[in-house]
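The exercises below are meant to be worked with the sequence and the model side by side. Try each task before reading its solution.

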Amino acid sequence: MNGQGAPPYVEVAVPLGVRRTFTYRLPLAIGNAAQVGARVRVTFGKQQVTGYIVALHDELDRALEVDAREVREIEELIDAEPLITPEILELTRWISDYYLAPWGEVLKAALPAGANARIERVLAITTEGRDELARLPERRALTLKAQLLRMLAEQGPMTVRQAQRTLGTARVARILAELERAGWISIKHQAQNAAARAKRRKFVRLAPIEEHAAPDAARALTAAQTRVIEALIAADGELPFTELTERARASASTIATLERKGIVKIEAREVRRDPLAGVELPPLPDIELNRAQREALDQITAALDQRRYAAFLLHGITGSGKTEIYIRAMRACLEHGRSALMLVPEIALTPVFSRRLRAHFGDRVAILHSSLSAGERFDEWMRIRRAEARVVIGTRSALFAPVQDLGLIVVDEEHDTSYRQQESPFYHARDAAVMRAHKERATIILGSATPSLESFHNAQTGKYRYIHLPERVGGRPLAQAEVIDMRAVFARRGREEALSDELLEALEETLARREQAIILLNRRGYANFILCRACGERIGCPQCDVTLTYHKRERALLCHYCNFRRRPPARCPMCQSQHLHLVGEGTEKIEDLLQAHFPRARTARLDRDTTARRRAYEQTIMRFAAHEIDILVGTQMIAKGHDFPKVTLVGVVSVDAGLALPDFRAAERTFQLITQVAGRAGRGDRRGRVLIQTYHPEHYAIRFACAQDYANFYRHEIEYRKAFGYPPFFALASLLIQDDDLGRAVKRAEKLRRALDRANRDHNCRLLGPAPAPIARLRGQHRIQILAKARRRASLRSLIDLALAETDDLDRVSVEIDPLHLM
Ligand SMILES: Nc1ncnc2c1ncn2[C@@H]1O[C@H](COP(=O)(O)OP(=O)(O)OP(=O)(O)O)[C@@H](O)[C@H]1O
Ligand SMILES: [Zn+2]
């Protein structure tokens, strides 16, 4: 024991590809200060890593047969106050078990990026180093070593990175070891909380009048000083320092002089980085709920009153007024003194909606999403941690918001694929949110116009309570949808056209009525790929088994998987022929075509290329909402959740590529995409129209989406899932082996398969593969897949657990439980 009776051992989870936790000893110096949920710096192998304390214990776990003498000490305690709450610790442990994901990685994902400490090497000069420096001749040009010593003597300890910034990376690297050996400097590892510091800003304000009331004070002022004072008076007495220097065209020294005279005061204050700073709040519509909404809300508030776990599937068609229900449910939750968390899909976090929440809940709202800076995220996160924010809205990782006393979770557009994290740790935020609600006795609402098959199935079997809103608010009709058979268009025109006459005419009429249109094509770029007509070569990515997409604006061929980029060649790289042909179209080309057809219309494009810049997405959406844009072309990001009353036409250029993907969810995705985008039409006074171009007009996903008939789509699709043994009837796991050497990948896959077979003697799982994944090579790695299926997810997990434990060199297998795609 270490004196004060503190448990001498801690269990640490590290964010590396290992699933078990590790025991460390607490040094005396840390003693009682260590708490569960705090971050620590530990030595792991030869590395220094940030880990998370997940348990404290008095004795070593005998079962693990750890030798007490081999247990290492914690190097540093990073947090005196743990960042991770007990609830989040518990949730991450569940995720780690359920998804067979390393606990440390889940914990890392649970903290805002700004809070993930970087381990830095910190340099400091020693007494011997100072003596050495004193012996050096004063004036002569200093050697590199002497320069570094002098820097450390004058400026104090600094990180290796900082030293390298001044003196050059390679140069510093060269001399460090030598200086340390000579005993002139010390090198220590330390955790640095980069962005995880509150932001401080300097403010200048006018001092109270009596402090500088000397009668002739005004006369003694220079012109610049007068400008400073006038600027401050105009701003009600206070301005941020930098803003003041700009406004008054004054230098820092002018302001310093005024401070010495006692006329102004300068002070540094902590400021909050507010993601909604400077936005105008639209007036809130005064809405009276209709009967269906009221009944839905009543059920939800009754559950909230009981303070027990309850899960609802709110299935409301597009425009049925789900958002209004969410807001009122959140308000009810707040009235109970509890907090509410709302998850929204990645980019569809509509700027309009965040503003509405701010208007409803004021400062109690915190916003967490991917386009915030690390600093903004951290500030918002801390406001939640301190329970200053009681309503949280955010994307996938907001699942881990340290909300205190959680009463309600809303998952909007619950079918959306962005809730699935597509890299390790793989988790599905919707499913984990259901578990979180369960553990914290909260009510959860999963809302969608096109529920995922899993959720609808859960509602059918009684796992979720089902609420249906079958009509649009105000009795508005759904848009009228028509399928355009592109085979007939081809026969008529005799050549391939991206836009049919029907769609062009409808656009013409829409523009003539001064209404707006949305045109969807779920593929960015200009042309799908480049084909050599002489030899048949398709120009592909050298790293991946996919073709490169032609981007005209950037004059580049891009790989949409690994971002490889090259200039479009003038000749075929295989046969040198000049007969290169652009095949297929993307959003760029559709934008060009529309501009050619309708030169007077204002068109804009929304896809990952146009929204790379922060806030670009938001700007385009706001301009479209203000009708500064007539036609909006885009990928699926325009299909989600938006409410633009003046949109009366939606055109779907093509969904055929998505339908053809070798994935059991292809039909479901296509159905959802069409239904969602169709739902953007006719949300105002005029009825909307939807035109869907396709070469497969008879496909059931297209037929049912066109009729906006969820029930029949579900009936059809669920039969197929049952017949072929897919979710929700079977649980699925995919094991992916990647290696830059194909032979090695195959060997490892076969070995894994044998281990799985052995483990499967006591289980009853179905195993498929190894086989090349549909994308057989990605970023230079060959990809071999094994699929496992079972009726019970638990047996699937235990099977994989066993197999992985048995094979030792398989830590690089990536395991996905409930994968979304099998690509
Ligand atoms: N009871 C009501 N009376 C009048 N208008 C309403 C009512 N409820 C909601 N609305 C308005 O109807 C429009 C559509 O509502 P909302 O955006 O909530 O639909 P939704 O169900 O979320 O649709 P989607 O699934 O397409 O996003 C909004 O402009 C909203 O303000
Ligand atoms: Zn690539």
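UniProt positions are given here in the numbering used for this structure, feature names are shortened, and annotations may be inferred rather than shown by experiment. The structure is a predicted model, in which local features need pLDDT of at least 70 and side-chain atom pairs count only at pLDDT 80 or more, while totals for chains, interfaces and linings use all residues. Residues are numbered from 1 along each chain as its sequence is written, and chains are lettered from A and ligands numbered from 1 in the order in which they are written.

**Exercise 1. The annotated cysteines**

Task: Find which residues the UniProt annotation "binding site" covers, and determine whether Cys559 and Cys562 are buried, partly exposed or exposed.

Solution: Begin with the record, an unreviewed UniProt entry, whose "binding site" annotation covers Cys541, Cys544, Cys559 and Cys562. These cysteines span 22 residues in sequence, yet no two of their C-alpha atoms are more than 8.7 Å apart, so they gather at one spot.

Next, place two of them among the secondary structure elements, where helices (H or I, at least four residues) and strands (E, at least two) are DSSP runs numbered from the N terminus. Cys559 sits in the loop between strand S23 (556-558) and strand S24 (565-566), and Cys562 is likewise in the loop between S23 and S24.

Then count neighbours, using C-beta atoms placed from the backbone: a residue is buried if 20 or more other C-beta atoms lie within 10 Å of its own, exposed if 12 or fewer, and partly exposed in between. Cys559 has 20 C-beta neighbours inside 10 Å and therefore counts as buried, whereas Cys562, with 16, counts as partly exposed.

Finally, list the contacts, meaning pairs of residues whose C-beta atoms, placed from the backbone, lie within 7 Å. Leaving out residues up to four places away in sequence, Cys559 touches Cys541, Gln543, Cys544, Val546, Leu548 and Phe564. With neighbours within four places left aside, Cys562 is in contact with Cys541, Gln543, Cys544, Leu778 and Arg779.

**Exercise 2. The surroundings of ligand 1**

Task: Establish how many residues surround ligand 1, and which helix gives the most to this shell.

Solution: A residue is taken as near a molecule if its C-beta atom, placed from the backbone, lies within 6 Å of it. On that basis 20 residues surround ligand 1, and the closest are Thr318, Gly321, Lys322, Thr323 and Val473. Helix H11 (residues 322-335) gives the most to the shell, with three residues.

To describe the character of the shell, count Ala, Val, Leu, Ile, Met, Phe, Trp, Tyr, Cys and Pro as nonpolar, Asp, Glu, Lys and Arg as charged, and the others, Gly among them, as polar. The shell around ligand 1 then divides into five nonpolar, 11 polar and four charged residues.

**Exercise 3. A parallel sheet and its helix**

Task: Work out the strand order of the open sheet of six strands, and say which strands are at its edges.

Solution: Two strands pair if DSSP finds at least two bridges between them. Following the pairs gives the order S19-S29-S28-S20-S27-S26, with parallel pairing. The edge strands are strand S19 (480-485) and strand S26 (603-606), each of which pairs on one side only.

Inside the sheet, strand S28 (residues 647-654) and strand S29 (residues 689-694) pair in the parallel sense over four bridges, and the bridge partner of Gly651 in S29 is Leu691. Helix H21 (residues 666-678) packs on the sheet, touching S19, strand S20 (516-521), S28 and S29. The direction of H21 makes about 155° with that of S28, where axes are lines fitted to C-alpha atoms, for helices over the stretch in contact, and angles run from 0 to 180 degrees between N-to-C directions.

**Exercise 4. Unusual backbone geometry**

Task: Locate two cis peptide bonds, and decide whether Asp236 and Glu413 are buried or exposed.

Solution: Most residues other than glycine have a negative phi, and most peptide bonds are trans. A cis peptide bond joins Pro727 and Pro728, with omega about 5°, and Pro728 lies in the loop between helix H23 (710-724) and strand S30 (731-739). Another cis peptide bond joins Gly769 and Pro770, with omega about 10°; Pro770 is found in strand S31 (residues 766-778).

Turning to phi, Asp236 has a positive value near 60° and Glu413 a positive value near 50°. Asp236 counts as exposed, with 9 C-beta neighbours inside 10 Å, whereas Glu413, with 25, counts as buried.

Note on methods. Contact = placed C-beta atoms within 7 Å.
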